[in-house]
Amino acid sequence: MTTNLNPRLVLLGGGLAAAVLLTTSSIAGQSGGSITGIVRIDSSGSLPPLETTVDRKVCGDAIPDESLLVSGGGLANAVVTVAGVKAPAAQGGAPMLVNKGCRFVPHVQIAKVGSTLQISSEDETLHTSHGYAADQRSLFNVAIPMPGITISRPIDRPGVIRLTCDTHPWMTAWILATTDRAAVSGAGGEFELTDVPPGTYELRAWHARAQAPPQQVTVTAGAAVSIVFQATAK
Amino acid sequence: MTPRAIVPVIAILSFASAARAQVSGSAGELFTRLCVRCHAEDGTGKVAVPTVKTEPMDFTDCRIATPEPDADWALVVAKGGPAAGLSSEMPAFGDALSAEQIAGLVSILRGYCKERGWPHGNLNFPRPVFTEKAFPENEVVVLPALSHGADRGAGFRLRSVYEKRVGRRAHWEAGLPLESPARAERELGVGDISLAAKYVIVDDAARTAIVTGGFEVAFPTGSEQRGLGSGTTVFEPYAAAGTIARNTYLQAQIKLELPARDTWDDRELVYNFYAGRDLAARPDGWTVGVELNGANRALAFTPQIRKGLTRTGALAASGGVRVPLTSRDTQQVRWVGYLLWEYLDPVRSRP
């Protein structure tokens, strides 16, 4: 049996199919929305350098105080978390802490619970990386005598980890261990969380020396929602 | 901390990761680079600009530096202070240094005690239930014992002992027993209170051998009529010794019990031998052992197990059962044990 197809119908059908495919593809690509924003703080600006007390041949006389970095009213190193939204596998990458110039680099980072912190040094001096839980319980304290050694410690529970060096007491760093979607604010306080599933969530901002009230945010597919946190120094 | 064998030092440190052993230098150079910052060049822990909140221990104080075995010191260097109940500001070097390097550091820090005559902590072996320890201690020990069998009723004894070191090599102790003997009529009361002293005669750290002489006197404070005491003063000279062979603790004691009344008729030769091993080289680890206990011709054996109850090892407990081998018509089965507290050591880890 032979069927004669109307060329107009064929074109119409093909067009419809293409439209459906494109629409489906577009929806798949925009299944989540994004949250962008800024963490602001009413603060005059950054703090004076910290004077070193020991090991000045290696560390110098002073190092920058990174505990409250403000640029144009924006607060750096704030961790913004979407409560209840699971972090993607790659969030934050492998957490790393480098003792560099008698500072911890990075000063603030997020780490997924279940990941492994890699600790190393670039300084020709003895550093220790001493992690404390929020309740001041010591979690680990490893000695790193020289560059070229990498030491691992598990991040096995959620919470804030404060890091200090017991041989250079001005050194501090923070790790926020979480299972939630999170981002660290940049130098101007800006942050972005992409591909957040549609829904209404509580958005929280954490900073070692500042606080901001949590906010409700509603995310819709394919759209970006903008948030401003107004933080005050603790 | 709790005494343990020397040999497991290497085993303790075997966890160190592949990143270790990149640090080079002699033990002395490593000590200068890694330890002096906090512990000071002279080992006193007093530095011009301290960077830690907890003042490090004074290695030159022999009372502090001598009683614990090398294994405990190596454990702290490798795993950090909390591994043995000390400050968490003491970091773990086990990922960066080899076992040999850590042993070298331990050797240096132990050398800060310059006074002669202090017995080495490697001779401080775990306490058996019956065999007297040769090493002097600062401890409070509570020893319960429940006996039954031999066609008698059940008896109970709870003996508390306070021990205090005196000087470098001696120790004195006082014992207070609470007795409830196995008799038809139930009695409960204070038994014969004892006083004792001992002195380390030989201590050879290189050969891991220690010999102690002691003398105990039990006074007739317990009622003989109620079965709580012997009714006479008993003099008990003894010798105790200990060593390690193939990771096994070997301890022995021989004692003569001489009652003031009918001294030679009622004299008793008491002898105890103990062999035991650590299952884990940690202050809160398990130690299993067995004793052979004799009194004249009556023989018994006592399998036992001991465990440190805290990370510091300041609290420990032991339990076992003494089973008659001979003279079963007169010897009872005894469930025995102890709870000890090393009262100069921290019970809990510091933050």
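This report walks through helix packing, sheets and one aromatic pair in a predicted model.

**Helices in chain B**

Let's start with helix H6 of chain B, residues 99-110, and its packing against helix H5, residues 70-79. The axes of H5(B) and H6(B) lie 9 Å apart, at an angle of about 120 degrees. That angle makes H5(B) oblique to H6(B), and their crossing is right-handed. On the H5(B) side the contact is made by Asp70(B), Trp73(B), Ala74(B), Val77(B) and Ala78(B). Facing them from H6(B) are Ile102(B), Leu105(B), Val106(B), Leu109(B) and Arg110(B). By class, that contact has 8 nonpolar residues, 2 charged ones and no polar ones.

H6(B) also packs against helix H2(B), residues 27-34, with the axes 9 Å apart and an angle of about 80 degrees. H2(B) and H6(B) are therefore roughly perpendicular to each other. Which residues of H2(B) make the contact? They are Ala27(B), Gly28(B), Leu30(B) and Phe31(B), and they meet Gln101(B), Gly104(B), Leu105(B), Ile108(B) and Leu109(B) of H6(B). Here the split is 6 nonpolar, 3 polar and no charged residues. Leu105(B) and Leu109(B) appear in the contact with H5(B) and in the contact with H2(B).

**Sheets in chain A**

On to chain A, where 4 strands make an open sheet with mixed pairing, in the order E8-E7-E10-E13. Its edges are strand E8(A), residues 103-105, and strand E13(A), residues 151-154, each pairing on one side only. Ignoring direction, neighbouring strands of this sheet are turned by 25 degrees against each other on average. Within the sheet, E7(A) pairs with E10(A) in the parallel sense, and Asn99(A) stands opposite Ser121(A) in E10(A).

Chain A has another open sheet, this one of 5 strands in the order E9-E15-E14-E11-E12, again with mixed pairing. Strands E9(A), residues 108-112, and E12(A), residues 138-144, stand at the edges with a single partner strand each, so one side of each is left without a neighbour in the sheet. The average turn between neighbouring strands, direction ignored, is 20 degrees in this sheet. E11(A) and E14(A) run antiparallel as partners, and the bridge partner of His130(A) in E14(A) is Thr164(A).

**Strand pairs across both chains**

Strands of a sheet pair through backbone hydrogen bonds, either parallel or antiparallel. Here are some of the pairs, with their bridges.

| Strand | Partner | Sense | Bridges |
|---|---|---|---|
| E7(A), residues 96-100 | E10(A), residues 116-121 | parallel | 4 bridges |
| E11(A), residues 127-132 | E14(A), residues 159-164 | antiparallel | 3 bridges |
| E3(B), residues 170-180 | E5(B), residues 194-204 | antiparallel | 6 bridges |
| E5(B), residues 194-204 | E6(B), residues 209-218 | antiparallel | 10 bridges |

In chain B, Ala197(B) is a handy residue to follow: it is the bridge partner of Trp172(B), and it stands opposite Phe215(B) in E6(B). E5(B) and E6(B) form a hairpin with 4 residues between them. In that turn, Thr208(B) has a positive phi of about 55 degrees.

**An aromatic pair**

Over all chains the structure holds 10 aromatic pairs. One of them joins Tyr162(B) and Tyr343(B): the ring centres are 5.6 Å apart and the planes sit at 10 degrees, so the pair is stacked. This pair links distant parts of the chain, 181 residues apart. Tyr162(B) belongs to strand E2(B), residues 152-166, while Tyr343(B) lies in the segment after strand E13(B), residues 333-341.

Definitions and conventions:
Residues are numbered from 1 along each chain as its sequence is written. Chains are lettered from A and ligands numbered from 1 in the order in which they are written. This is a predicted model: local features need pLDDT of at least 70, side-chain atom pairs count only at pLDDT 80 or more; totals for chains, interfaces and linings use all residues. Side-chain values use heavy atoms; hydrogens and water are left out. Axes are lines fitted to C-alpha atoms, for helices over the stretch in contact, and angles run from 0 to 180 degrees between N-to-C directions. Helices (H or I, at least four residues) and strands (E, at least two) are DSSP runs, numbered from the N terminus. Angles under 35 degrees count as roughly parallel, over 145 as roughly antiparallel, 65 to 115 as roughly perpendicular and the rest as oblique. A crossing is left-handed if the near helix is turned anticlockwise from the far one by less than a right angle, and right-handed if clockwise. Contact means heavy atoms within 4.5 Å. Ala, Val, Leu, Ile, Met, Phe, Trp, Tyr, Cys and Pro count as nonpolar, Asp, Glu, Lys and Arg as charged, and the others, Gly among them, as polar. Two strands pair if DSSP finds at least two bridges between them. Rings of Phe, Tyr and Trp (its six-membered ring) pair if their centres lie within 6.5 Å; planes under 30 degrees apart count as stacked, over 60 as edge-to-face and the rest as tilted.
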